[in-house]
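The following note was prepared for a colleague who wishes to review the model at the bench. Please read it alongside the sequence and the coordinates.

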Amino acid sequence: MALITNTRIEAAKKFNPKNLCGYLTKGEDGVAIVDRAKLLQAKDDERLFVIVMNADYRLNYSDCDCSTVYFEVEDERIIGGIYNLQTRTKKTKQQIAISPEGVGVTRQYVYSQSALDEMRKAILNA
C-alpha cells in the first residue's frame, strides 16, 4: 500500500495543476491543453502523468494514449478535465484548483491567490 501512496504523491508533486500550466498550448478548437510532447521528457513521466490524469481528472484508461489535461477559468475557480486529442472533446470536467478561501469539492489543489492568478493568466494566454 505504501508503494501506491508514494507513487501517487510523486505524481501529484510533479504534475500538479500549477506545474501543468507551464506546458499549456491552445488546441485547434481554442481549448487550453497540456502539450504532452513537451511535458513528457523523462523515462517515467508518462506513467506518472497517467496516474495524475486518473486520480485528479478521472481518466478513462481506454483513451489513455490520446488523452491530455485541459484547463479553463470559471469565475474564480480553475476547472480541469480530460481532453481527447483525437476527437477534440472534453471528456470530464471538475473544479481542480481554488484559493484558500474557497469551499467546495474534495480532492482539489489549494493555492494562494497570487498563484491562482498566475495560473489563470497562463490558461487564458495559452
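The points below move from the chain as a whole to its last helix.

1. The model under review is predicted. Its chain contains 5 helices and 7 strands. Read from the N terminus, these elements follow the order α-α-β-β-α-α-β-β-β-β-β-α.

2. Of the 126 residues in the chain, 45% are buried. The exposed surface of the chain comes to about 7,000 Å², and 52% of that area is supplied by carbon and sulfur atoms.

3. Among contacts in the chain with a separation of 6 or more, 47% are between residues 24 or more positions apart.

4. Helix α5 comprises the 12 residues 113-124. Because a rise of 1.5 Å a residue predicts a span of 16 Å, the 16 Å between its end C-alpha atoms agrees with expectation.

5. Which residues of α5 are buried? They are A115, L116, M119, R120 and I123. Viewed down the axis of α5, the buried residues fall within an arc of 140°, and therefore line one face of the helix.

6. The face of α5 turned away from that buried side carries E118, K121 and L124, which are exposed. The list of exposed residues thus includes a leucine, L124, while the list of buried residues includes an arginine, R120.

7. What covers the buried residues of α5? The cover includes a helix, α2 (17-20), together with the strands β1 (24-26), β2 (32-34), β3 (67-74), β4 (77-84) and β6 (94-98).

How values were computed:
Residues numbered from 1 in each chain as written. Predicted model: local features only at pLDDT ≥ 70, side-chain atom pairs only at ≥ 80, totals over all residues. Heavy atoms only, no water. Helix = DSSP H or I, 4+ residues; strand = E, 2+ residues; numbered from the N terminus. Expected span 1.5 Å × (residues − 1). Buried < 20%, exposed > 50% of the residue type's maximum accessible area, 1.4 Å probe, protein only. Arc of directions from axis to C-beta. Contact = heavy atoms within 4.5 Å. Areas by Shrake-Rupley, 256 points an atom, 1.4 Å probe, with all protein chains shown as cover.
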